[in-house]
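Work through the exercises below with the sequence and the model side by side. Try each task before you read its solution.

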Amino acid sequence: MLLVIAQHYVYHGGYDRAIFETVSPNIVYLKIISIFGYSACTIFALITGYYMIKADTKKSYQKVLPIVLETTFYSILVTVFMLITKLVRLSAKDLIKQVLSVFYGNWYVVFYILILLFLPYINSFLLHLEKKDYRSFLLLCFVLFIVVQSFLGEVYGLNNLDFMLISYFFGAYVRLFKEDFKYKNTYNLLITLGCALLIIVSIIGTDLLSVWTGNVKFVQNDTLMVRWDILPNFAFSFFAFVYAVNCSFSNKLIDTLASTTLGVYLIHDGLLKSVIWEMISPNAGYVDMPYLHSIVKIVLVFLVCAMIDILRQNTVEKFVLKQLKKI
């Protein structure tokens, strides 16, 4: 989630987009801190596959209602706040979309709910595959959705639903066939770091080519390798995930913060994003010295949103879920 917030720090920062066609240490830094947000989304989907492949129908459907309620709660809460403070004007159509945010809201949450609804059928298909058939299935997915799209771009027009499903399939495989990943975990870490370095170097190298050749097209296309379906980026996400799966680790504070990540996502990436990034200590005002400002603001946005969600969990959510259980 910190990687997602870092991406939003840059993408929603209110910058003049023309500055990203210039080359300077500050601009390269901003690009680098923003590039792994796509990877984070892939890792979330891998985690979902790992934990939900063995979930029964009841459990997968039980997860839908709390997510719908949480999404709707934050959408209405933020909308009311923005209207009261007169920070935004909304038409009747926009208000309806805010209330029905599970259909019109955050794309990741919308697709996640769709996947949960189809999960019993997806899992039934995957669980009936023999190991060799599952591998062949993953190879087909890898070739069509990673290799092909690495060279030809997003050719299928599936609007990111493809990466969530592919990541789910891979995450589920890791859970079902853990024995395939019992080799020395250092290799996973080295591949992860190597892929991250390759992506970063690709940006720096492309920007330097732009300076040396005087061709602005290089700097305009310096982040092509950061899409989820580009091989180095997908490899970074997958091996970071496998490395974490093979680590023995427990921490109550991180467990608590982890439970807030959906809330953090919903709070900071809705109507409030213009307030957070452009009104409160505007990001664009620090474009010449973004280092300390970006780090402090990214961490603060996470922590403040996490505190809000912890409050929601221990008040509204407890009450609502208690009543729903009675029903």
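A residue counts as buried under 20% relative accessible area, as exposed over 50%, and as partly exposed in between. Keep these cut-offs at hand. The model is predicted.

**Exercise 1. Place S101 and classify it: in which helix does S101 lie, and is S101 buried or exposed?**

Step 1. Find the helix. S101 lies in α7, which covers residues 101-104.

Step 2. Take the relative accessible area. For S101 the value is 6%.

Step 3. Apply the cut-off. Buried means under 20%, so S101 is buried at 6%.

Step 4. List the contacts, leaving aside neighbours within four places in sequence. S101 is in contact with T71, T72, S75, N106 and V110.

**Exercise 2. Describe the second largest pocket: what is its volume, and which residues are closest to its centre?**

Step 1. Start with the volume. The second largest pocket has about 790 Å³.

Step 2. Go to the centre. The lining has 36 residues, and N106, W107, Y265, D269 and K273 are the closest to the centre of the pocket.

Step 3. Look for helices in the lining. At least two residues each come from α1 (2-11), α3 (37-52), α5 (64-84), α6 (92-99), α7 and α15 (261-268).

Step 4. Link back to Exercise 1. N106, one of the residues closest to the pocket centre, is also a contact of S101.

**Exercise 3. Follow C41: which residues does C41 touch beyond four places in sequence, and how many Å separate C41 from Q62?**

Step 1. Place the residue. C41 is part of helix α3.

Step 2. Classify the residue. Its relative accessible area is 9%, so C41 is buried.

Step 3. Read the contacts. Beyond four places in sequence, C41 touches W107, Y108 and F163.

Step 4. Check the distance to Q62. The two residues are 21 apart in sequence, and their C-alpha atoms lie 22 Å apart.

**Exercise 4. Find the enclosed space: how many cavities of 30 Å³ or more does the structure hold, and which residues line the largest cavity?**

Step 1. Recall the method. Rolling a probe the size of a water molecule over the atoms shows where empty space is left.

Step 2. Count. The structure holds one cavity of 30 Å³ or more.

Step 3. Give the volume. The largest cavity contains about 40 Å³ of space.

Step 4. Name the lining. The residues are A45, T48, Y108, Y112, I115, M164 and Y168. Y108 is also touched by C41.

Step 5. Assign the helices. α3, α8 (107-127) and α10 (161-176) each give at least two lining residues. The largest share, three residues, belongs to α8.

**Exercise 5. Trace the salt bridges of R312: which residues form a salt bridge with R312, and which residues share one network?**

Step 1. Get the total. The whole structure has eight salt bridges.

Step 2. Take the pair with E70. R312 and E70 form a salt bridge, with the closest N and O atoms 3.4 Å apart. This pair links distant parts of the chain: R312 sits in α17 (residues 291-326) and E70 in α5, 242 residues apart.

Step 3. Classify both partners. R312 is buried at 7%. E70 is buried at 9%.

Step 4. Take the pair with E317. The side chains of R312 and E317 meet at 3.1 Å, N to O. Salt bridges with shared partners join E70, D309, R312 and E317 into one network.

Step 5. Classify E317. With a relative accessible area of 22%, E317 is partly exposed.

**Exercise 6. Turn to another salt bridge: are its partners D133 and K132 buried or exposed?**

Step 1. Confirm the pair. D133 and K132 form a salt bridge, the closest N and O atoms being 3.5 Å apart.

Step 2. Classify D133. Its relative accessibility is 32%, so D133 is partly exposed.

Step 3. Classify K132. At 60%, K132 is exposed.

**Exercise 7. Map a nonpolar patch: which residues form the patch, and where is V143 placed?**

Step 1. Collect the members. The surface patch consists of L139, L140, V143, L144, F151, L152, V155, Y156 and L158.

Step 2. Give the area. Together they have about 870 Å² of accessible area.

Step 3. Place V143. V143 belongs to helix α9 (residues 131-152).

Step 4. Classify V143. The value is 36%, so V143 is partly exposed.

Key. Residues numbered from 1 in each chain as written. Predicted model: local features only at pLDDT ≥ 70, side-chain atom pairs only at ≥ 80, totals over all residues. Heavy atoms only, no water. Patch = residues over 30% accessible without salt bridge, like charges linked within 9 Å, V, L, I, M, F, W, Y side chains within 5 Å. Areas by Shrake-Rupley, 256 points an atom, 1.4 Å probe, with all protein chains shown as cover. Salt bridge = Lys/Arg side-chain N within 4 Å of Asp/Glu carboxyl O. Helix = DSSP H or I, 4+ residues; strand = E, 2+ residues; numbered from the N terminus. Buried < 20%, exposed > 50% of the residue type's maximum accessible area, 1.4 Å probe, protein only. Contact = heavy atoms within 4.5 Å. 1 Å grid on protein atoms, 1.4 Å probe; cavity = no way out; pocket = protein on both sides within 12 Å on 5 of 7 lines; lining within 4 Å. Points joined across faces, edges and corners; volume = space filled by probe spheres on them.
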